[in-house]
Amino acid sequence: VRESEDRYRTLVDLSPSGVFVFCEGRVVYVNHRGALLLGATDPQELLGRSMLDLLHSDYHRDVRDNAQRVLAGNVSVHSAERTYLRKDGTSIPVQMEIAGIVWNGTPALIVLISDVTERKQAEEALRASEERFAKAFKTSPHPIFISELETGQLVEVNDAASQLLGHHTEKNAGQIGSALEVWGPAEEQVRLRERLKQAGPV
């Protein structure tokens, strides 16, 4: 049993995720990765800290309530994206998983956290890029059409295109495309689609 426990402890110590054990609301174990994520050089620096001390105040009630649900056995695992606090007070977004365990005969919580900073930054960059495109699309003085490649059906037009076609943007873009055949006769539409398929996305 002791050998099995030592192997388990080694696996947890080497885990790429931060691993915390909270007993009666306080840290009784943290692996090296968990300490580094929260800005500590040694796991000992975090022992005895309250669970809520490590969390942004916006999530105190939610995490406390869900931790109680896990301890009561109402749920086996609670998963959520939350904001933890480093030792210097700066925040770090993490994916958090909470499960119940027994620590030295006492009900406890094991919490795994993974840094999602890069993913959040990528999501924010994508959102900003989409907003820039939407603004450029709408305000461009040049008519712009977005259509389905296979059918040629218009799915969106900007204000300049609507004005060119004599339609209001509130009207369905697909109806505009069907009524005016903006891509020309059916034969020309087929040739255009083939050329677009060969050229690939831009």
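Start by selecting Phe22: at 2% relative accessibility, Phe22 counts as buried. One thing to keep in mind as you click around is that this is a predicted model. Now add Phe20, which is buried too, with a relative accessibility of 0%.

**The ring cluster**

Show the side chains of both residues and look at the rings. Phe20 and Phe22 form a stacked aromatic pair, with 6.0 Å from centre to centre and 10 degrees between the planes. Next, bring in Tyr84. The ring centres of Phe20 and Tyr84 are 6.5 Å apart and the planes sit at 45 degrees, so this pair is tilted. Colour the two strands to see where the partners come from: Phe20 is in strand β1 (residues 18-23) and Tyr84 is in strand β3, 64 residues apart, so the pair links distant parts of the chain. Are Phe20 and Tyr84 buried or exposed? Both of them are buried. With all three side chains on screen, you have a cluster of Phe20, Phe22 and Tyr84 linked by ring pairs. The count for the model is four aromatic pairs.

**Along β3 to its neighbour**

Stay with β3 and select residues 91-103 as well, which make up strand β4. How many bridges join β3 to β4? There are nine, and the two strands run antiparallel. Click on Ser79, then look across to β4: Glu97 stands opposite. Now follow the hairpin of β3 and β4 round its turn, where five residues lie between the strands. Stop at Gly89 there, which takes a positive phi near 95 degrees.

**Charged partners**

Time to look at charges. Side chains of opposite charge can pair when their charged atoms come close. The model has eight salt bridges by count.

For one of them, select Arg82 and Asp62, whose closest N and O atoms are 2.6 Å apart in a salt bridge. Arg82 belongs to strand β3 (residues 77-85) and Asp62 to helix α3 (residues 60-71), so the pair ties together parts that are 20 residues apart in sequence. The two ends differ in cover: Arg82 is buried at 16% relative accessible area, whereas Asp62 is partly exposed at 28%.

Then go to Glu81, also in β3. Which residue does Glu81 form a salt bridge with? The partner is Lys120, and the closest N and O atoms are 2.9 Å apart. Lys120 sits in helix α4 (residues 117-139), 39 residues from Glu81, so here is another link between distant parts of the chain. Glu81 is partly exposed at 25% relative accessibility, and Lys120 is partly exposed at 34%.

Without leaving α4, pick Arg119 and Glu123. Their side chains meet in a salt bridge at 3.4 Å, N to O. Because they are four residues apart in helix α4, about one helical turn separates them. Glu123 counts as partly exposed at 41% relative accessibility, and so does Arg119 at 38%. Select Glu81, Arg119, Lys120 and Glu123 together: salt bridges that share partners join them into one network.

**Zooming out**

Finally, switch to cartoon view for the whole chain. You can find seven helices and seven strands. From the N terminus, they run α-β-β-α-α-β-β-β-α-β-β-α-α-α. Of the 202 residues, 29% are buried. Turn on the surface to finish: the accessible area comes to about 12900 Å², and 52% of that belongs to carbon and sulfur atoms.

Conventions:
Residues numbered from 1 in each chain as written. Predicted model: local features only at pLDDT ≥ 70, side-chain atom pairs only at ≥ 80, totals over all residues. Heavy atoms only, no water. Salt bridge = Lys/Arg side-chain N within 4 Å of Asp/Glu carboxyl O. Buried < 20%, exposed > 50% of the residue type's maximum accessible area, 1.4 Å probe, protein only. Pairing = 2+ DSSP bridges. Areas by Shrake-Rupley, 256 points an atom, 1.4 Å probe, with all protein chains shown as cover. Phe/Tyr/Trp six-rings, centres within 6.5 Å; stacked < 30°, edge-to-face > 60°.
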